[in-house]
Amino acid sequence: MASTVAVATVAGLVFAPQQHSTTATLVNTGTSTLYLGQSAVTAATGFPLQPGQSINLTFNTDIYAVAGNDSVISPTNALSAGVSAAGTALTVTANGTNFTNGMVVSIEDGVKSELVTVGAGATGTNIPVSALVFAHNSGTTFGQFQRHNGGTIQVHAQGV
Amino acid sequence: MLSIPAAVSVATTGQTRLVGVPDGPCQVVLQNNDSANFVTIGDSGVTAGHGFVLSGGKTLSFTTYPGSRGMILYAVANTAAVDVSILISTPQ
């Protein structure tokens, strides 16, 4: 019997054995890594199941899964000059072209952290972005923002 | 029950204690989380040239028989430290 279970950023039950010993094959049918474990599983403590990967488990108790957290991933960079609130460009010393049109960027600046969207025409030293809400000092770091939308696990259960 | 110890960082030197396999029956799953580097798994004398090679990104699963004695597995990485995730499943 196969079933597909949605996995969110809060741990949820994906498989409950129907007998004392039950084998289950779990397949990550989503596009991001999910983490297996017990009811309190987190991305830090779970067993990673990569997209497309399957795992065959025996002697099962209830198995829970959770999606990873939102994160800042490559490319990253840092402001080489301060920028004012309502500014529409980020100035860097190099590698500005790594930030492409439409990419969502997280500016890591404490309580003034914010998300902006990259516009077209980035150069090595200038990255056009949607209007900033806050001002940021030179040296402030930023990087591509990856929102973890969860995923799905397909469960094939076999009683033994 | 399901047990998921913290992932182990396997060093390139010496032998890193990977997992204590309990008395059987149990199922152990080992996953190399580094897609670019392999680890070699074996007993306390494992070396890169003598052991079971777990390639980058791959998973090894094995099940022990009822009554089999527990054991400790060790590992060594080839060119860079490698994180290995572990899952142990035993009857309730």
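**Close-up views of a predicted all-strand chain**

**View 1. The open sheet of chain A.** Strands 2, 7, 4 and 5 of chain A, taken in the order 2-7-4-5, form an open sheet of four strands, and their pairing is antiparallel. The two edges of this sheet are strand 2, covering residues 12–15, and strand 5, covering residues 47–49, each of which pairs on one side only. Passing from one strand to the next, the twist averages 40 degrees. As with every view in this set, the coordinates come from a predicted model.

**View 2. The pairing of strand 4 with strand 5.** Strand 4 of chain A, which consists of residues 34–37, runs antiparallel to strand 5 of chain A, and three bridges join the two. Within this pair, the residue that stands opposite Tyr35(A) is Pro48(A), which belongs to strand 5.

**View 3. Chain A as a whole, for orientation.** Chain A contains 14 strands and zero helices, so that a reader who follows the chain from the N terminus meets one β element after another. The radius of gyration of chain A is 21 Å, whereas the globule rule gives 15 Å for 160 residues; because the value for the chain is well over that figure, chain A is more spread out than a compact globule. The C-alpha trace spans about 65 × 30 × 20 Å along its principal axes.

**View 4. Surface, burial and contacts in chain A.** Of the 160 residues in the chain, 42% count as buried. The accessible surface of chain A comes to about 7500 Å², and carbon and sulfur atoms account for 52% of that area. When contacts between residues at least 6 apart in sequence are considered, 72% of them join residues that are at least 24 apart.

**View 5. The surroundings of Ala94(A).** Ala94(A) is found in the loop that connects strand 9, residues 89–91, with strand 10, residues 104–108, of chain A. The relative accessible area of Ala94(A) is 33%, and because partly exposed residues are those between the 20% limit for buried and the 50% limit for exposed, Ala94(A) counts as partly exposed. Leaving aside residues up to four places away in sequence, Ala94(A) touches Asn77(A) and Gly124(A). A further residue that may be located in this view is Gly143(A), which is 49 residues from Ala94(A) in sequence and 14 Å from Ala94(A) in space, C-alpha to C-alpha.

Note on methods
Residues numbered from 1 in each chain as written. Chains lettered and ligands numbered in written order. Predicted model: local features only at pLDDT ≥ 70, side-chain atom pairs only at ≥ 80, totals over all residues. Heavy atoms only, no water. Pairing = 2+ DSSP bridges. Axes fitted to C-alpha atoms, helices over the stretch in contact; angles between N-to-C directions. Rg over C-alpha atoms; globule rule 2.2 N^0.38 Å. Buried < 20%, exposed > 50% of the residue type's maximum accessible area, 1.4 Å probe, protein only. Contact = heavy atoms within 4.5 Å. Areas by Shrake-Rupley, 256 points an atom, 1.4 Å probe, with all protein chains shown as cover.
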